[in-house]
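Please open the model in your viewer and keep the selection tool at hand. The tour below goes from one selection to the next and says what is found at each stop.

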Amino acid sequence: MRRRNFLVAATGTAVAAAAPPCLTRLGQADADRFHLEYTELLRGDARLGGAGEIENKAIELASRIQSSLAGGGASDRVRRQLYRLASDATCLAAFAAIDARAPRRARSHLDQALPLAGLARDGEAMYRVWDHLMLTSSQRENHAEAAAGAEVMKRSSTARRDPLYASLGHMRHANALARLHQPTESLRAMSFAERTFGRADGVQPSAWISFYNRAEFDALSSYVWTALGDHERAESCLHRTLAAIPDDMVRNKALYTAHLSLAQARQGEVELAAGTGRRAYEMLLPAAGSLRTTRTLAVTRQVIEATGTKAPEVVSWIEESRRWI
C-alpha cells in the first residue's frame, strides 16, 4: 500500500514537472502599447531620417513583439495585429537603412518583414514590404528588378481595392521605367499614377500610405522628370512639394530641398543652387542620418564645380560643403 502511494506521488510530481508553464494572454492593451512605441519611432524617423538609433530601436521593437507572441496566447485578431506591427517595425528599420544608403542591410530587414506580413494575413503590410524592396533595387541600380517590384505593387489586391496604393505603384513603376530609358512607358505610368491619385480624393488613407499626399506625389514626379532629363519640370514639382510639406517632416523637407538645389544646378543656376544647397544642409538635425540628402548635395557640388564658376559666393559654398559632405 505504501509502495502504491509512493508511485502515485512520484508520477504526479513527474507530470507536474513536465507540464508547460501557463502562457500569458495577450490582449488589445498589449497591441495598443506596442503600437504607441511604433508611432513614436515613426515621428523620430520623420525628423531624423536614416539614423542608426531609429533602425536599431525598430528592430528591437519587432523582436520584443515576436517574443511576446512566442510566450503568450492571443485571439486571432490580436495575433494578426501584432504580426502586422512586427512587420511594420521591421519595414521602418529597412527604410532607415535605405535613407542611410545601405540597401543590403535594408534587404536583410525586409527578408524578415515579408513572412511577418504573411502571418498577419495583411495585404497592406505585404504591399509595404514590396515598396521597400523596390527602393532597395533602385538604390542598387537594378532598375529592371525595381520595375518588376513595382508591377507586383500595382497588381496587388490592395492596389485594386485602394486607388492611393494603385497610384503609388504606378509612380514607382514610372520611376523605374525612366531609369531604364523608356520615356514613353514612363510617362504613361505617371499618367496612370495621376489618374488613380485623383480618385483617392476625399478618402481617409490608412496608416502607412498617409505619407503619400499631394506634396509627396509632386516630389516623386520630380524624380521621374529628373531621370527623363527635364530639370525645369522637376524644379517646378519640387517647389510645389516644399510649399505643401508639413514642417515636422524635417528629413523630407531637407531631402527635397537638396533635390531642388540639384535641379537648379543642372539648369546652370549655380548661385541659386549653392544657396538652396546651404539651406538644405542647415535643415538637417545634428543626429540626422539621411545620407540620401548629403549624397544629393555632393552631386550638386560636382555639377557646380564642372561649370568652372568663379563666383565668390559659389566658391565659398563649395569649400564650405567639403567640410560636411
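## First stop: the aromatic cluster

Select Phe211, which has a relative accessibility of 22% and therefore counts as partly exposed. Bear in mind from the start that this is a predicted model, so that every value quoted along the way is computed from predicted coordinates. Add Tyr212 to the selection: with a relative accessible area of 2%, this residue is buried. The rings of Phe211 and Tyr212 form an aromatic pair of the tilted kind, with 6.2 Å from centre to centre and 45 degrees between the planes.

Now widen the selection to Tyr127, Tyr165, Phe197, Trp208, Phe211, Tyr212 and Phe217, which ring pairs link into a cluster. Over the whole structure, the search for aromatic pairs finds 11. One of these is formed by Tyr127 and Tyr165, whose arrangement is edge-to-face, with the centres 4.8 Å apart and the planes at 90 degrees. Tyr127 belongs to helix α6 (residues 123–139) and Tyr165 to helix α9, so that this pair links distant parts of the chain, 38 residues apart. Are these two rings buried or exposed? Tyr127 counts as buried at 2% relative accessibility, and Tyr165 counts as buried at 0%.

## Second stop: Asn175 on helix α9

Stay on helix α9, which covers residues 163–179, and select Asn175 within it. Its relative accessibility is 12%, and because buried means under 20%, Asn175 falls in that class. Which residues does Asn175 touch, leaving aside those up to four places away in sequence? Display Leu220, Tyr223 and Val224, which are its contacts on that count.

## Third stop: the cavity

Next, turn to the empty space inside the model. A search of the whole structure finds one cavity of 30 Å³ or more, and the space in the largest cavity comes to about 40 Å³. The elements that give two or more residues to its lining are α11 (214–227) and α13 (250–266), and α13 gives the most, with four residues. To see the lining, select Ser222, Thr226, Leu238, His259, Leu262, Ala263 and Arg266. Colouring this selection by class will show three nonpolar, three polar and one charged residues.

## Fourth stop: salt bridges between helices

How many salt bridges does a search of the whole structure find? The count is 27, and a few of them are worth displaying one after another. Begin with Glu55 and Arg105, which form a salt bridge whose closest N and O atoms are 2.7 Å apart. Glu55 lies in helix α3 (residues 52–71) and Arg105 in helix α5 (residues 103–120), so this pair ties together parts of the chain that are 50 residues apart in sequence. The two partners belong to separate accessibility classes: Glu55 is buried, at 5% relative accessibility, whereas Arg105 is partly exposed, with a relative accessible area of 40%.

Remaining on helix α5, select Arg107 and then Glu145, whose side chains meet in a salt bridge with an N to O distance of 2.9 Å. Because Arg107 lies in helix α5 and Glu145 in helix α7 (residues 143–154), the pair ties together parts that are 38 residues apart in sequence. Arg107 is partly exposed, with a relative accessible area of 23%, and Glu145 is partly exposed as well, at 30%.

Move along to Glu151 and Arg155, which form a salt bridge with the closest N and O atoms 2.8 Å apart. Here Glu151 counts as partly exposed at 23% relative accessibility, while Arg155 is exposed, with a relative accessible area of 56%. To finish with the charged residues, select Arg84, Asp88, Asp122, Glu124, Arg128 and Arg161 together, since salt bridges link these residues in a network.

## Last stop: Thr294 on helix α15

Finally, centre the view on Thr294, which lies in helix α15 (residues 291–306). Thr294 is buried, its relative accessible area being 15%. Show Leu284 and Ile325 beside it, for Thr294 touches both of them when residues up to four places away in sequence are not counted.

Methods
Residues are numbered from 1 along each chain as its sequence is written. This is a predicted model: local features need pLDDT of at least 70, side-chain atom pairs count only at pLDDT 80 or more; totals for chains, interfaces and linings use all residues. Side-chain values use heavy atoms; hydrogens and water are left out. On a 1 Å grid over the protein atoms alone, a cavity is a set of points where a 1.4 Å probe fits but cannot get out, and a pocket is an open set with protein on both sides within 12 Å along at least five of seven lines; lining residues have an atom within 4 Å of a point. Grid points are joined across faces, edges and corners, and a volume is the space filled by probe spheres set on the points. Ala, Val, Leu, Ile, Met, Phe, Trp, Tyr, Cys and Pro count as nonpolar, Asp, Glu, Lys and Arg as charged, and the others, Gly among them, as polar. Buried means under 20% relative accessible area, exposed over 50%, partly exposed in between (1.4 Å probe, protein chains only). Contact means heavy atoms within 4.5 Å. A salt bridge is a side-chain nitrogen of Lys or Arg within 4 Å of a carboxyl oxygen of Asp or Glu. Rings of Phe, Tyr and Trp (its six-membered ring) pair if their centres lie within 6.5 Å; planes under 30 degrees apart count as stacked, over 60 as edge-to-face and the rest as tilted.
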